Amino acid sequence: PRETEHVEALRLAAWLHDAGRGRAERERFAAALAAQPEMRERWLRALVGELRGGASADRRRERGTAGHARWIARRGAAPRR
């Protein structure tokens, strides 16, 4: 039944939210992101820094999100032949 799936999804979302509020879980998530090849992208480095308590949101906004937009555009583009 659809309702059962919805309730399970809400439970998972609540669990993820609670887990993400803990410093240890944020650090594990930041470490996993830092291991990705996309870390050459400034926006992802800024996100990891913020998760670890570094870069402020204001500084990130000042730098803009052009790098993030380029990264998304590359991922959404059709495969090259």
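**Figure 1. Arg-52 and its salt-bridge partner.** Arg-52 is partly exposed, showing a relative accessible area of 35%. In this predicted model, the side chain of Arg-52 meets that of Glu-27 in a salt bridge, at 3.1 Å from N to O. The two ends come from distant parts of the chain: Glu-27 belongs to helix α2, while Arg-52 sits in the loop between α3 (42-51) and α4 (57-63), 25 residues apart. How accessible is Glu-27? Its relative accessibility is 35%, so Glu-27 counts as partly exposed.

**Figure 2. A salt bridge inside helix α2.** Here we stay within one helix: Arg-28 and Glu-25 both lie in α2 (residues 23-34), three residues apart, or about one turn. Their side chains pair up in a salt bridge with an N to O distance of 2.6 Å. Arg-28 has a relative accessible area of 52%, and since the cut-off for exposed is over 50%, Arg-28 is therefore exposed. Glu-25, at 29%, counts as partly exposed. How many salt bridges turn up in a search of the whole structure? The answer is two.

**Figure 3. The largest nonpolar core.** Six residues make up this core: Ala-30, Leu-33, Met-39, Leu-44, Val-48 and Leu-51. Helices α2 and α3 each put in at least two of them. Which helix gives the most? That would be α3, with three residues.

**Figure 4. Around Met-39.** Zooming in on one member of that core, we can list who touches Met-39. Setting aside neighbours within four places in sequence, Met-39 is in contact with Leu-33, Ala-34, Leu-44, Arg-45 and Val-48. Leu-33, Leu-44 and Val-48 also appear in the largest nonpolar core.

**Figure 5. Helix α1 and helix α4, for a look at confidence.** Where is the prediction most and least confident? Confidence is highest in helix α1 (residues 2-20), with a mean of 91, and lowest in α4, with a mean of 53. Across the protein chain the mean pLDDT is 77, and 67% of residues reach 70 or more.

**Figure 6. The chain behind the close-ups.** The protein chain has five helices and zero strands, so to speak an α-α-α-α-α run from the N terminus on. Of its 81 residues, 16% count as buried. The accessible surface comes to about 6800 Å², and carbon and sulfur atoms account for 55% of that. As for contacts between residues at least 6 apart in sequence, 30% join residues at least 24 apart.

Technical notes:
Residues numbered from 1 in each chain as written. Predicted model: local features only at pLDDT ≥ 70, side-chain atom pairs only at ≥ 80, totals over all residues. Heavy atoms only, no water. Salt bridge = Lys/Arg side-chain N within 4 Å of Asp/Glu carboxyl O. Helix = DSSP H or I, 4+ residues; strand = E, 2+ residues; numbered from the N terminus. Buried < 20%, exposed > 50% of the residue type's maximum accessible area, 1.4 Å probe, protein only. Core = buried A, V, L, I, M, F, W, Y, C linked by side-chain atoms within 4.5 Å. Contact = heavy atoms within 4.5 Å. pLDDT = per-residue confidence, 0-100. Areas by Shrake-Rupley, 256 points an atom, 1.4 Å probe, with all protein chains shown as cover.
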